[in-house]
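Biologist: Please take me through this model, and say for each label what it rests on.

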Amino acid sequence: MRQEIDYPISVMFDAKSGIFNPCKKTEERKVSDLKMMFHDQQAVQSILSAGDQLVYEIRYYPFVTSKSDMALGVTRIFPGKVGREYHMTKGHIHQRDDQPEIYYCVQGSGYLLLDTLDGEFRAEPWQPGVITHIPPMWAHRAVNTGNDLLVFVASYHLAAGHDYEKVKQQGFAKIAVENNGKPELISPKDY
Ligand code: M6P
Ligand code: ZN
């Protein structure tokens, strides 16, 4: 028997702003939510004592049906840095090891950093139009290295789950920092 949730749903999306409607949930992530992810702890402390800083927002629509689900997430990373390190998402690996994801950059510029946490690393340069498939078992983090908003669309199964702890403990093999006005990927130990 077809239920209400089994019917098609469309949302109206504005790629420039990254806003879509209707939207089910919005989350804000500030420097205070990512404080262990950034490498300049003095810069983190001075931002926090000045009253925090918005790094990114996520807007979600979980398309749940009686058979399965497919989540839509649109992330807006505001331009900015913490010390020399560019604004980025927290980064996570999926709890389920059979779960991939699609990220589609529609606005802004930066990188998608991918790390297996067992020695393999990739940095995919991002500009509008780039779609990246994130295979299962790769941690993923988006970085905004530009002067404008970076917007990307994500699609994944809710069952994938977010594991932030592994990324927090180990970190990514490389981080994106500003060097002489330009983005550069360096090893965190060289920060
Ligand atoms: C995308 C999806 C979401 C994720 C968000 C922000 O929209 O992958 O599942 O929550 O990006 O990334 P993070 O959870 O690492 O902060
Ligand atoms: Zn994911």
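**Labels and their criteria**

Modeller: Strand 9 and strand 14 run antiparallel and are joined by five bridges. This is a predicted model, in which local features need pLDDT of at least 70 and side-chain atom pairs count only at pLDDT 80 or more, while totals for chains, interfaces and linings use all residues. Residues are numbered from 1 along each chain as its sequence is written, and chains are lettered from A and ligands numbered from 1 in the order in which they are written.

Biologist: Why are strand 9 and strand 14 said to pair?

Modeller: Two strands pair if DSSP finds at least two bridges between them. Strand 9 and strand 14 have five; one of the partnerships is Cys-105 with Phe-152 in strand 14. Strands themselves are DSSP runs (E, at least two residues), numbered from the N terminus, and helices are runs of H or I with at least four residues.

Biologist: What else pairs with strand 9?

Modeller: Strand 12 (residues 131-134) does, in the antiparallel sense over four bridges. Tyr-104 has Ile-131 of strand 12 as its bridge partner.

Biologist: What makes strand 11 and strand 13 edge strands?

Modeller: Three strands form an open antiparallel sheet in the order 11-10-13. Strand 11 (121-126) and strand 13 each pair on one side only. Strand 10 and strand 13 are joined by six bridges, and Tyr-111 has Val-143 in strand 13 as bridge partner.

Biologist: Why is Lys-182 called buried or exposed?

Modeller: A residue is buried if 20 or more other C-beta atoms, placed from the backbone, lie within 10 Å of its own, exposed if 12 or fewer, and partly exposed in between. Lys-182 has 8 such neighbours inside 10 Å, so Lys-182 counts as exposed. Lys-182 is found in strand 17 (residues 182-186).

Biologist: What makes a set of residues a nonpolar core?

Modeller: The members are buried Ala, Val, Leu, Ile, Met, Phe, Trp, Tyr and Cys residues joined through C-beta atoms within 7 Å. The largest such core here has 34 residues, and Leu-112, Ala-142, Val-143, Phe-152 and Ala-176 touch the most other members. Elements supplying at least two residues each include helix 1 (41-49) and strand 4 (54-64).

Biologist: Which residues is Ala-142 in contact with?

Modeller: Contact requires C-beta atoms, placed from the backbone, within 7 Å. Leaving aside neighbours within four places in sequence, the contacts of Ala-142 include Thr-75, Met-88, Leu-112 and Phe-152.

Technical notes
Two residues are in contact if their C-beta atoms, placed from the backbone, lie within 7 Å.
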